[in-house]
Amino acid sequence: QPDPAEDTTHGRWSTYAKNILAERRHLLFIANITKTQIKRLETAGINTIDDMANTTLKVVPRLNRDIFQRLKSQAKLQISSKDKNKPNYRILPHDNERSIGLSLLAPHSDSDIFFDIEGFPYYEGGLEYLWGASYFDHEGNRKFKDFWGHDSEQEKHAFSDFVDWAFLRWRNDQSMHIYHYGSYEITALRRLMGRHGIKEYEVDTLLRNEVFIDLYNVIRNGVLIGEPSYSIKNVERIYRNKRDTEVVSGGDSIVVYEGWRSHPDGLTWQTSEILNAIRNYNIDDCNSTQELTEWLRSEQSFHKIEYLRISHEEVKTEDEGETEVTQLREKLLDMALQETERNKK
C-alpha cells in the first residue's frame, strides 16, 4: 500500500489513510508542522508525536532551533490535552516591541464587526454566496447581518452592499475593526474588487488602515494549543461549548449548498430549510469569531501584552492565515478554472 504520509488526497480512502497514520502516531498529527520539518525530524530519529514530545535533543540539523522547540512544546500540549473537554494552551512570549501574536489585537470598539464568508468553488470562477457578520447594536445586543448572492450578478450586489455597510460603520467610528479567521475573506474581497471593478477605494482604504484583523494570524503566532489543528472549530473548544448546528464544517456547507443548487427547496433562507441551516452555521462562525476575540483580549490583558499596529516589514508571506477549509476552497477553485480553460480550447 502507498505511504499515507506522502500525500493528503486519498479520496474515499481518506478515513482509512488517516486511521493508519493515527495508529503510527505520525508526526503529521502535530499542528502546523510541515513535510520538510517532518523529513528532517525523521532523519534525526524522531518518528512519532511521542518521540517529539520526549526527545532529549536540543537541536536537529537544518531545522531552526526555535521552530524545533515550538514543535516539541506543541506535541507535549497535544498529548497532555488528550481526553480533556478543553485543551491545554500556553501564551507565547511577547516582547511588546514586535507587532506579532496578541499584540495585533486592537482594543474593543462598540462598532466592531465579526465577519465570515461562505463560498462555493464549483461555480464557474467561484461564488461567494453568503456574507455574514455579527455586530452589536446601540443597546449592546449581538445581531447578525447577511448578504446573499446565488449568481455572479447577485454576488456583485452582496459584495457591494457588505462593503458599503462596513465602510460606513468604519467612517462613523475609526476605532472599529473587522475580525475574521484565516485569509479567505481578504482574498475574496480583493478578487471580487478586481472581477467586478467596483469598491476599489473603499476596500483599499480599509486595508491600508488595517481595519481587518486575521485572528488566525493572532493565534498562530501568539498561542500554543493542545489540538492537532488550529481551525476555529478546534480552537473554540477552549472558550465555548460544542456546536449543535446541522452544518458542522466549511466542507459540509459546500456539499449542502451544492445540494440546494441542484434541488432548491426555496429561494431564500426564510423559505428554504437548507439555506436556513447554512445561515445558522454562518451565524455560529461569526459568533465564535466574536467570542474568540473577547477571549484573546482577556489573555492579552492578563499577560499585559500591548496592542501594536502591524509593521509591514514583519508581515509573513508564507502560508499565513491558511486553514484546511481555505486550502480546500482554493484547490477546488483552481481545478474549476483549469476545467473551464480546457473546455474553451
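How many aromatic pairs does the count come to? I put this at the top of the page and went through the predicted model with it in mind. The count comes to 20 aromatic pairs.

**Entry 1: Tyr-89 and Trp-295**

I began with the rings of Tyr-89 and Trp-295. Their centres are 5.1 Å apart and their planes stand at 75 degrees, so I logged the pair as edge-to-face; the cut-off for that label is over 60 degrees. Tyr-89 belongs to strand E1 and Trp-295 to helix H11, so this pair ties together parts 206 residues apart in sequence.

Buried or exposed? I checked each partner. Trp-295 has 12% relative accessibility and counts as buried, because the limit is under 20%. Tyr-89 is partly exposed, at a relative accessible area of 33%.

**Entry 2: Phe-115 and Phe-162**

Next I looked up Phe-115 and Phe-162. I noted 4.3 Å between the ring centres and 15 degrees between the planes, so this pair is stacked. Phe-115 sits in strand E2 and Phe-162 in helix H5, 47 residues apart, and the pair links distant parts of the chain. Both Phe-115 and Phe-162 are buried.

Which aromatic cluster holds Phe-115 and Phe-162? I found one made of Phe-115, Trp-131, Tyr-135, Phe-147, Phe-159, Phe-162 and Trp-165.

**Entry 3: the sheet**

I then traced the strands. What is the strand order in the open sheet? Its 5 strands run E4-E3-E2-E5-E6, and the pairing is mixed. Strand E4 (142-148) and strand E6 (212-214) are the edge strands, each paired on one side only. From one strand to the next, the twist averages 25 degrees.

I took a second look at E2 and E5. Strand E2 covers residues 113-120, strand E5 covers residues 178-180, and the two run parallel with 2 bridges joining them. Phe-114 has Tyr-179 in E5 as its bridge partner.

**Entry 4: helices on the sheet**

Which strands does helix H5 touch? Helix H5 (residues 152-172) packs on the sheet and touches E2, E3, E4 and E5. Its direction makes about 25 degrees with that of strand E3 (127-136).

Helix H11 (residues 273-302) also went into the notes. H11 lies across E2, E3, E4 and E5. I recorded an angle of about 140 degrees between H11 and E2.

**Entry 5: Pro-93**

Where is Pro-93? I placed Pro-93 in the loop between strand E1 (89-91) and E2. Pro-93 is exposed, with a relative accessible area of 75%. I also checked Pro-93 against Ile-305: their C-alpha atoms are separated by 9.3 Å, with the two positions 212 residues apart along the chain.

**Entry 6: a charge over a ring**

What lies over the face of Trp-269? I found Arg-279 there, at 3.7 Å from the ring centre.

**Entry 7: the whole chain**

Last, I wrote down the totals. The secondary structure comes to 12 helices and 7 strands. The chain has 345 residues, and buried residues make up 50% of them. I noted an exposed area of about 18200 Å², with carbon and sulfur atoms supplying 48% of it. Among contacts with a separation of 6 or more, residues 24 or more positions apart account for 67%. The Tyr-89 and Trp-295 pair, 206 residues apart, is the entry I marked for a return visit.

Key
Residues are numbered from 1 along each chain as its sequence is written. This is a predicted model: local features need pLDDT of at least 70, side-chain atom pairs count only at pLDDT 80 or more; totals for chains, interfaces and linings use all residues. Side-chain values use heavy atoms; hydrogens and water are left out. Two strands pair if DSSP finds at least two bridges between them. Helices (H or I, at least four residues) and strands (E, at least two) are DSSP runs, numbered from the N terminus. Axes are lines fitted to C-alpha atoms, for helices over the stretch in contact, and angles run from 0 to 180 degrees between N-to-C directions. Contact means heavy atoms within 4.5 Å. Buried means under 20% relative accessible area, exposed over 50%, partly exposed in between (1.4 Å probe, protein chains only). Accessible areas come from the Shrake-Rupley method with a 1.4 Å probe; for residues, only the protein chains shown count as cover. Rings of Phe, Tyr and Trp (its six-membered ring) pair if their centres lie within 6.5 Å; planes under 30 degrees apart count as stacked, over 60 as edge-to-face and the rest as tilted. A charge sits over a ring if NZ of Lys or CZ of Arg is within 6 Å of the ring centre and within 35 degrees of the ring normal.
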